[in-house]
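Let's walk through this model together, starting at the ligand and moving on to the helices and sheets. Have the structure open as you read.

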Amino acid sequence: MPKAKWYAVRVGRRPGVYANWADAQRQVEGYPGAVHRSFPHVKAAEGWVKAGKRQSSAAVIPSLSRQSSKQLVTDEDVDADLPSIEIAIRHKIEKAEVIKAQKQEIHDNNPAVSADPPLSSQQQEILRRIMNGENFFFTGSAGTGKSVLLRAIIKAFKERDEAEVIGDEDEWRKYLSGQNQSKKKSEVKRWKLGVTASTGMAGVNIGGSTLHSWAGIGLGELPPQKLFENIIKNKITAQRWRTTGALIIDEISMIDATLFDKLEFIGRKVRKSEKPFGGLQIILSGDFFQLPPVTKGSVHNCSFAFDAMSWNKVIPWENMTSLTRVFRQKEDRFVKILESMRRGQIAKEDIAMLRGLARTVEYPEGIEPVGLYPHKAEVAAINAQRLRALDTPSNIFAAFDVPGITSRGYALDSSQATESLNKNTIWPEELELKAGALVMLVTNMQDGILVNGSTGTVVDFLTISEAMANNIHPVSGNFGYAPDPKVRWPVVEFIPSKWASGQVAKRVVVPQMSVDVLNAQGKPEATRHQIPLILAWALTIHKSQGQTLERVKIDLNNIFVEGQTYVAISRAVSLDTLQLTNFSEHKVMAHTRVIEWSRRLEQQQKEDDEWDDLLANANLDF
Ligand SMILES: Nc1ncnc2c1ncn2[C@@H]1O[C@H](COP(=O)(O)OP(=O)(O)OP(=O)(O)O)[C@@H](O)[C@H]1O
């Protein structure tokens with residue numbers, strides 16, 4: 001007899017529980033932001049639908065209570081008239097339920113996974129070798145598709161080891177605490193792939209955690225033996241080290257040599273194997289010519305991961321590859337300039353040409369470029385001043401943060417969750433918007449057209465139904481909760497992404513969505529519900545790393561570290577849409593040790609290629 005299934009529609013035309021998919025499908029198909037799933041028991045399905053109703057009201061209360069403009073709330077909105085103490089009490093009660101329901105949700109809404117292009121043959125070959133179990137380091141200039149390849153690797157692991165990729169934390173806990181002994185150890189699901197990055201923001205971008213949190217090393221400053229002893233005291237962390245099959249570390253350029261060696265030592269000790277990292281497969285990605293490790297002393301004297309004593313044992317020369325094809329920029333001259341700038345060089349004729357880019361670029365749709373600056377303080381001041389200058393009403397959207405569990409198994413409180421989200425994501429705790437504001441999207445949309453870095457202007461504030469009545473659709477992302485139908489969300493006119501897709505300008509409504517800071521088990525440590533926009537008149541170069549900006553204005557006046565000029569300029573897609581002020585030859589800086597090391601890598605690759613050609617052409621008749 002086939003198993004019974006109940007179809008629960010939380011958000012759709014008529015929310016409820018349906019006995020067959022055809023009925024449920026009618027409620028969700030084509031419905032923006034529809035949320036549904038199936039259950040084996042009717043009670044569970046009903047409970048999930050009810051929990052959804054509570055969640056969606058709880059989710060918007062904090063936003064409503066802090067909106068400065070009444071105009072945002074429609075007349076039927078009763079919550080807005082409740083006394084604030086009553087709202088606070090209701091919020092507290094409902095929050096507990098929200099957290100409970102939140103934990104049940106499988107977080108497959110990874111914002112990083114949008115429609116990526118097919119891999120090039122070089123990307124495919126690296127993917128093949130990694131899936132074959134080899135340790136690997138792939139690098140390449142900005143825009144050569146490192147992030148695209150990384151997402152493909154994560155996807156391939158997930159498809160191959162489906163059930164085991166994330167593992168079941170609760171099952172592990174039970175097993176480790178002596179419950180659940182009916183199962184053999186080999187039957188308990190376990191983690192297979194560690195997805196990490198050197199910084200929280202890079203971790204969020206690939207749907208992973210920080211390397212520090214995965215490894216359970218805190219700041220990583222203790223001696224290696226002490227770190228090892230601390231790790232084995234925490235069963236969850238120790239088991240993670242022992243049972244992970246492969247570990248991804250993105251933005252490896254920001255990990256220093258000492259930390260790399262410490263981690264390699266811990267790998268051997270915890271996994272009781274003398275193989276590098278104790279046999280854990282290591283997959284590294286990053287560009288040493290971009291931003292260097294954050295060091296306590298002078299940034300110019302930092303040590304890089306490739307300086308580590310264990311580096312060559314972990315990654316032999318033949319397992320390091322530089323991606324060669326630049327996809328972000330299409331103009332040959334721009335690609336060549338960037339390539340030499342990456343190495344700290346610039347030709348005389350290019351200096352003159354780059355100085356000439358100080359002009360103002362006029363754009364047909366009137367949407368301004370994003371400004372990139374080295375320092376946080378100047379960014380905040382510019383955005384605040386530009387917003388103040390607009391005489392349209394101000395609308396403030398407060399984030400709703402939900403605490404989760406840390407990698408070590410501790411529950412965060414709400415202020416810790418907010419702290420973690422502020423540190424590890426770019427999503428604002430409070431977002432003030434006005435019609436006329438220049439904004440940037442901070443997540444990838446599922447259509448693959450609007451991406452992290454797409455910019456546009458706020459043109460209006462509308463509820464979802466008002467927007468739909470005007471043929472303006474919500475962005476195609478994962479909302480976490482259904483967008484509150486009573487709130488007037490910003491309508492944004494995004495610039496045409498000709499370079500990415502050949503599409504024309506898009507006017508869309510951007511409601512509240514969600515972002516997770518994940519713990520090492522792939523579960524949320526903290527979740528923020530907020531509109532995924534930031535003000536974009538100014539942005540730090542640091543935060544722009546990894547982004548593609550169609551229109552960009554860069555001021556190099558206060559550049560202070562190697563790689564900064566290169567990171568900033570390589571965000572642009574063409575020289576026509578780049579405005580560059582305060583450019584001078586000495587602002588182009590690359591770290592001398594990175595230059596030397598990279599030369600050796602290229603030399604090695606050249607020799608390998610020559611050998612391959614030689615062998616291919618040789619008449620080897622054995
Ligand atoms: N195989 C490919 N075919 C076509 N376009 C690609 C391919 N790989 C990457 N791209 C595109 O090139 C752009 C840059 O890709 P990506 O962000 O992965 O580069 P990156 O090397 O990670 O850059 P950065 O170092 O600046 O972060 C993206 O728009 C991406 O969609």
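Which polar backbone atom is 2.9 Å from an oxygen atom of the ligand? The backbone atom belongs to Val 148. Before going further, please keep in mind that this is a predicted model, in which local features need pLDDT of at least 70, side-chain atom pairs count only at pLDDT 80 or more, and totals for chains, interfaces and linings use all residues. Residues are numbered from 1 along each chain as its sequence is written, and side-chain values use heavy atoms, with hydrogens and water left out.

Staying at the ligand, you will find 19 residues around it (a residue counts as near if one of its heavy atoms lies within 4 Å). The closest are Gln 123, Gly 143, Lys 146, Ser 147 and Arg 571. Gln 123 places a polar side-chain atom 2.9 Å from a ligand nitrogen atom, while Arg 571 has a polar side-chain atom 2.8 Å from a ligand oxygen atom.

Now turn to a pair of helices. Helices here are DSSP runs of H or I with at least four residues, strands are runs of E with at least two, and both are numbered from the N terminus. Helix α10 (residues 235-243) packs against helix α11 (residues 257-271) at about 90 degrees, with the axes 9 Å apart. That makes α10 roughly perpendicular to α11, a label for angles of 65 to 115 degrees. Axes are lines fitted to C-alpha atoms, for helices over the stretch in contact, and angles run from 0 to 180 degrees between N-to-C directions. From α10, Ala 238, Trp 241 and Arg 242 meet Leu 263, Ile 266, Gly 267, Val 270 and Arg 271 of α11 (contact means heavy atoms within 4.5 Å).

Next come the sheets, where two strands pair if DSSP finds at least two bridges between them. One open sheet has 3 strands in the order β12-β20-β19, with antiparallel pairing. Its edge strands, each paired on one side only, are β12 (400-403) and β19 (513-518). Strand β20 (residues 524-530) is joined to β19 by 6 bridges, and Leu 518 has Pro 524 in β20 as its bridge partner. Helix α16 (residues 414-424) packs on this sheet, touching β12, β19 and β20, and its direction makes about 75 degrees with that of β20.

Finally, look at the open sheet of 6 strands, ordered β16-β18-β17-β15-β14-β21 with mixed pairing. Here β16 (473-474) and β21 (533-535) are the edge strands. Strand β14 (residues 438-441) runs antiparallel to β21, joined by 3 bridges, and Met 440 stands opposite Ile 534 in β21.

Definitions and conventions. Parallel < 35°, antiparallel > 145°, perpendicular 65-115°, else oblique. Polar contact = N/O pair within 3.5 Å; in protein donor to acceptor, adjacent residues only side chain to side chain.
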